[in-house]
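Colleague: I'm new to this one, so could you take me through a single part of it, the enclosed spaces inside, and what lines them?

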Amino acid sequence: MDNALKLDTVRLSEDRKSLVILDQTLLPRNIKYLSLVKREEIWEAIYKLRVRGAPAIGCAAAYGLYILASGYAGDDVDGFVEYVKGEKDYLNSSRPTAVNLSWALNRLWTCLVANKDKLSVKELKDLLGKDADSIYQEDVAISRSIGSYGFELLHHGDGILTHCNAGTLATAKYGTALAPIYIALEHGWNDLKVYCDETRPLLQGARLSAFEMQSAGVYTTLLCDNMASITMKRGKINIVFVGADRVAANGDFANKIGTSGVAILAKHYGIPFYCCAPTTTIDMATATGDDIPIEERKPEEVTEMWYKERMAPDGVHVDNPAFDVTDHTLVTGIITEKGIAYPPFDKAFKRMGIK
């Protein structure tokens, strides 16, 4: 089995003419890379979760916008700027909750607008490519730093519960919630135990986190989502690490559906519960979790996606929110690349220089 840390989640092709992603919908059985050049296939890859995880989506969006911008034919700067804006807005419509998507696209857009009166179209294209490269390289460094801070919270033999997938597959490299385990392995720690919630309905925990941890040589146990409580009660869990798609200014955060339930359980059993998120995922313009848009996905993901035959009655109503919001009062701390923020989170974020 390939070590997931050796896989490239998202990158540019060697000729810099296509976006290359690992198709995560096929994991863990099939490792297949897709080479994307068209706007519709880049949009579809983000929407269909072929590339997923807030930081990885940001990297894919940045490289995707660069690829689309590179396809502009002509030397008219104003026309180029208008074209890029259209492509930016189109890609941004693919998923509403993960703030890294809009953050990465707006970063490239800001760079473009700031230089449009000074550079040619070719030079502007090159500049967008360099900025996209920087986003990727920064994400690797950020994830490793988050892992280092999280590692300081661990003890030999700890049982770690995680929900969804916030590992290397969700970032450029290392991950957020699983990064502390990768750092622990680098320190020669081989006695940690990771418990992965399966994370219905898309099974990112079963397909991705369990794959990552087992392939890295970590003792890995897969749990149905409704087994977290008894596992905690039995004393097997010492700490919880989860990721985030958007963190509000007060410390509320959106993560894959089911995360808030894990936080409630951890609070009940007195288990430390940490959100692991880069500062790019902290949205100071969003006051509380009530202001975070929650993506609603198709009912087929619940009723038939993983079954040979439809398992639910025809015509039954289905709610399928992709995320829920964990209240800041349930969060022990938020681990960022700049350190660990503790309550009150709004003040901690400001001390970190997050605006």
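Modeller: Happy to. First, a term: a helix here is a DSSP run of H or I with at least four residues, and helices are numbered from the N terminus; a lining residue is one with an atom within 4 Å of a cavity point. Bear in mind that this is a predicted model.

With that in hand, go to the second largest cavity, where helix 5 provides the largest share of the lining, 4 residues. Helix 5 spans 121-151, and along with helix 2 and helix 4 (99-115) it supplies at least two residues of that lining. The space inside comes to about 100 Å³. Around it you'll find Pro 55, Gly 58, Cys 59, Asn 100, Trp 103, Ile 135, Glu 138, Asp 139, Ile 142, Pro 278 and Thr 280. Sorted by class, that makes 6 nonpolar, 3 polar and 2 charged residues.

Now for the setting. The count is 4 cavities of 30 Å³ or more, and the largest has a volume of about 180 Å³. That largest cavity has 24 lining residues, with Arg 52, Gly 53, Ala 54, Asn 165 and Asp 245 nearest its centre. Two elements give two or more residues to its lining, helix 2 (54-70) and strand 9 (253-256). Helix 2 gives the most there, with 3 residues. The lining of the largest cavity splits into 12 nonpolar, 8 polar and 4 charged residues.

So if you want one element to follow by eye, try helix 2: it contributes to the lining of the largest cavity and to that of the second largest.

Definitions and conventions:
Residues numbered from 1 in each chain as written. Predicted model: local features only at pLDDT ≥ 70, side-chain atom pairs only at ≥ 80, totals over all residues. Heavy atoms only, no water. 1 Å grid on protein atoms, 1.4 Å probe; cavity = no way out; pocket = protein on both sides within 12 Å on 5 of 7 lines; lining within 4 Å. Points joined across faces, edges and corners; volume = space filled by probe spheres on them. Nonpolar A, V, L, I, M, F, W, Y, C, P; charged D, E, K, R; others polar.
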